[in-house]
Every structure is written in C-alpha cells, then in structure tokens.
Amino acid sequence: MDENHIDNINGEDRENVSDIGIHEPYNGNDEMTSEYDKENYEKTQEMHSIQLPKLSDSENHGITPRDEFTDLNSADDMKKTLCIDSIPGIGNHIPDDNNNTPIQNPIKKRTKKKNKKINHTKTMVQVFLGAVISVAALGIGIFLSTKVIGALRDITGMAKSHKEIDFEITEDMNVDTIVDCLYQNDIIDMPSLMKMYIKFTDNETGYLNGPHTINSSMSYNNIISALKTEKEYTETVTVVIPEGLSVVEIGKLLEDNYVCRASDFEAYVKTKHNEYDFEEGIAANQNRLFMLEGYLFPDTYEFYVVDYLKKNPNYDTSTWAKQAADKMFENFEDHITKKMKNRMKELNMTLDQTIILASIIQWEGSGEENMANISSVFHNRLADPENFPKLQSDTIYTYIENSIKPRTNSSNKEQMQKIEDAYDTYKCNGLPAGAINNPGMDAINAALYPADTDYYYFLVARDGTFYYAQTQEQHEQNILDADLRFEQEQEQGDE
C-alpha cells in the first residue's frame, strides 16, 4: 500500500486503521522498533496489497451483495466466476512483494478415506489355526491328565484290578530286576515310576530272598514292605468250629492250627468294635466276660497258617486273630434273617437275649425236639419271674470253671467274683450276663420257637434220657426215677 493511498484516508478512517495495527515503517533501528512492530508492519503491508475488483455504481444499483456474489459465480458464465484461488492471499498461492514466489496454502484438502477390503481367506486361515491350536492344547491336557491319574493309581494301588501272585526274590536279582518282574506279572503298570520312587524314598536295599505274596491292589510302599518282610504264611488250613464252643475253646483250636494265638483271639472278641449290626443290641456290661461271645458262628472255615508262629509262640498275631473272628461274625450276620428278627419282636426279645438263651439251650439239649421242650421250660420261667426268678441251669458251671475262674487272680478276684455271680443262673435273676458259648442254628431256632408246654422243670439222666415236669413234686420224682433207672442199668451191666 503506497503513501498516497494512506494520505487519502480521512481522519476518522485513520484512527480505525491505527486500531488494527498500522505502524510506522520499519527503519532497521533495533532501538527504535521492536521485532513485534516489524512483524505487524509486514502483515499490514500484505493486507493493503489485496485489491478486490470494484463494481460500478450502475452495476451495484439495486443488487444485494448476496445476489452480486451469486451473479459473479454463475455457472452460466465461467468468466464471471471468481474462483477462490484467484483471490490473492486466499487461494493456493500468495505473491511475495520481493520475489513473487508463491507460498503454499497451509489449508490441507480433505481426502476421502478408502474402504478397506476384508480378506476372507486370511480370516478363515486364522480361525482354522486357532481351532487347531485349541484342539492340540486340549489333547495335550487330556494326555497329561491321563498320565497323572495313571501314576497316582499305580503308586496307591487304588482302582486297579485285583491280581495276586507268589513272587520269589533270588540272590541274583537287584532292584531293577525286581521291579521289572513286578511289571511283567501285571502287579504294577509303570516300572520307571516305581524305580524313581524307590530311589527317592531310599529303599534300594533290604529286600529279602525267598517267596513273597504280592497283589496289584497294594501301594508302592506296601509292596516294598512286603518284599522286605519274611513271608509269614505259605499254606492254608481247614478248621471246623463245632456248635457250642466257647471263645476260649475256639481260640485254643485256632492256636493249635497256627492260625493265631489264643490270647490274641480272646483279646479281640472281649470288647465291641461297632463294625457289625448285631453289636448295636449288645448293652454295655462290665460283668460280661466276652462281649462278642455267642456271635462266632460255628462252621467250617479256611484260614492262613502263620508259619512264623511255629518258630516263635510269642509272635504277635493280632491281625490274623481279627481276620479269623471277622469271618465268623460275617457268617453269623448272613444267617440271621429278617423273619427271625420279626419273631424276636413277637417274643419281645432282643437279638442278644435270643443268643444268650440259645447258648444255654445248646448245652442243655440235643436234637430239635428236646431243644424245643427245654426252650419252653426257660420261656415259661422267664414269663413268670415272680414264681420262677431263676433259670437254674447247671450248664452254667461249665462256663464258670473253664472260662471265668482261669482268669481270676489275686489282683482281680473281687471283680471276677462279680462276673461269676452275673453268670450263675442259681444266683442271678433271669438270663445271665452273656452267652456261655456260640450256638448253632438248631439252638437259635429252638429259642425262637419253643414247644407249647406247661413245663417248668427238666433233667437229663446220666444215660441221656430227658425228664420234664410241671411241678416241683413231679421234678423230684423224676430225679428218683432217673437215679433208679441208672442204678438198674448199672446192675444189669454188672451181670
């Protein structure tokens, strides 16, 4: 913008121009003019250099600015169109006063974003690879889980099919050979694992030569213990337990056959273990000699023979004593039916009372008929405690002499006397404290189904003849008759 043009501005306009930042020309003197003044001066010069085309008054007459702009940019006449690029300082280029070098317009043009094409083939490959990796990971997981479960089963012996073998260790066998033989005989499934187990548990020595009985249900630890222990049995023995044997007599029979020590057997049946249903009906009684007397069912059994017991009579056989007793207890429970239990309820008797009575009948009678008649005598007395408070069975003295008195000493004499009195049917009222033997099915059935009689007395002559009576007088006469008969038989025998 030249000076003449500036001079033509009236006073009012000059003030307005000053307000928008017109200053004195930059004279190059840093002291007089600041950098800020220089910059604004140059911008002012650029603004005055913009020359817009003027329209004549005739052209502006009656035309609004909006219509004028529309007319100038008419699509019908491209010459009239004022492109924004043709306006100095507004378009893409701004002329410089010094060298007319165009300055790039800082306004960037908006570009249209291109739509990305979805590569379906690539996506499907990715999905497929993901599925393959997932399946592979699942398969590896299942494989590892199976191996872990298999290892635990082999170590513990749990959930494995049962197989028992007689395995013999010879002098030329080492640990690896022993384990390999166990694997070949299907006792273990993972020999490498067992070898590692033996190594880490420091069990590489101590295995005994000779025969050993091993089964696949044993854990690694139990197998190792068995192979380090001398085999304690090599054969079995058949033992017949007759009806009416007491605990003491059964224990002695087992000891004679090297099944277990009699003392170990007696110790096990002395107290309740709450492992069988029949134990629930046994009342606690400190005057009862053997709590489980009466429940060792008489039968024929096969037991292991403890060979070491032959060499050492004091060898602890508690484990074998328990096994022998458990076989008899299980057999007892198998023989007591629901019908029998219902019959006990009809008689208002417990199972324990039934067994105690059956044990007395077992020793008093012989044959089903005599057992039923003897049972009726005891049932009639039990039903009339006022007149017949005592059962008065002589057989009880056999139990006292064979089972109670041998266990009496100076230190327990008082307590053993109480036990003896609790069993003596001439002293105690009703049934004794416990069974006096282990009765068979004939005696048990006789206790449940007595004959229908009015008998209150009976006796057995020395020749085995049974006498029954309703009154004391009849009974005394039966005694005389029995003695007379015996004497007559003796005389006939002497002749």
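This is a short tour of a predicted model, one selection at a time.

**Whole chain**

Start with the full chain, coloured by secondary structure: the chain has 20 helices and six strands. Of its 495 residues, 35% are buried. Among contacts with a separation of 6 or more, 64% are between residues 24 or more positions apart.

**The largest core**

Select Leu254, Phe265, Val269 and Phe329. These residues have the most contacts inside the largest nonpolar core, which has 72 residues. Now keep Phe265 alone and show what surrounds this residue. Beyond its neighbours within four places in sequence, Phe265 is in contact with Val247, Ile250, Gly251, Leu254 and Cys260, and also with Leu296, Ala321, Ala325 and Met328. Another core, of 20 residues, lies apart from the largest one; Phe167, Ile178, Ile188 and Tyr220 are among its members. In soluble globular proteins, nonpolar side chains tend to be buried together.

**Helices α7 and α8**

Next, select residues 175-184 for α7 and residues 191-200 for α8. The two axes come within 9 Å and cross at roughly 140°. The crossing of α7 past α8 is right-handed. Which residues make the contact? From α7 they are Val175, Asp176, Val179, Asp180, Leu182 and Tyr183, and from α8 they are Pro191, Met194, Lys195 and Ile198. Sorted by class, seven residues of this contact are nonpolar, three are charged and none is polar.

**Ser217**

Go to the loop between β2 (210-215) and α9 (220-227), where Ser217 is found. Ser217 has a relative accessible area of 32%, so this residue is partly exposed. Select Gly157 as well: the C-alpha atoms of Ser217 and Gly157 are 4.5 Å apart, although 60 residues separate the two in sequence. Not counting residues up to four places away in sequence, Ser217 touches Thr156, Gly157, Lys160 and His162.

**Strand β3 and Val240**

Select residues 236-240, which form strand β3 and include Val240. Is Val240 buried or partly exposed? Val240 is partly exposed, with a relative accessible area of 47%. Leaving out residues up to four places away in sequence, Val240 touches Leu253, Asp299 and Thr300. For a distance check, pick Val240 and Glu302: they are 62 residues apart in sequence and 8.7 Å apart from C-alpha to C-alpha.

**Helix α14**

Select residues 338-346, helix α14, and show side chains. Met340, Arg343 and Met344 are the buried residues of this helix. They lie on the same side of α14 because they cover an arc of only 105° around the axis. Turn the helix over: on the other side, Lys338, Lys339, Lys345 and Glu346 are exposed. To see what the buried residues of α14 pack against, add α13 (318-335), α15 (351-364) and α19 (441-448). After α14 comes Asn348, which has a positive phi, near 60°.

**Asn373**

The last stop is helix α16, residues 368-383, which holds Asn373. The relative accessible area of Asn373 is 13%, and the cut-off for buried is under 20%, so Asn373 counts as buried. Add Ala451, Thr453 and Tyr468 to the selection: Asn373 touches these three, not counting residues up to four places away in sequence.

Key. Residues are numbered from 1 along each chain as its sequence is written. This is a predicted model: local features need pLDDT of at least 70, side-chain atom pairs count only at pLDDT 80 or more; totals for chains, interfaces and linings use all residues. Side-chain values use heavy atoms; hydrogens and water are left out. A nonpolar core is a set of buried Ala, Val, Leu, Ile, Met, Phe, Trp, Tyr and Cys residues joined through side-chain atoms within 4.5 Å. Buried means under 20% relative accessible area, exposed over 50%, partly exposed in between (1.4 Å probe, protein chains only). Contact means heavy atoms within 4.5 Å. Axes are lines fitted to C-alpha atoms, for helices over the stretch in contact, and angles run from 0 to 180 degrees between N-to-C directions. Helices (H or I, at least four residues) and strands (E, at least two) are DSSP runs, numbered from the N terminus. A crossing is left-handed if the near helix is turned anticlockwise from the far one by less than a right angle, and right-handed if clockwise. Ala, Val, Leu, Ile, Met, Phe, Trp, Tyr, Cys and Pro count as nonpolar, Asp, Glu, Lys and Arg as charged, and the others, Gly among them, as polar. The arc is that of the directions from the helix axis to the C-beta atoms.
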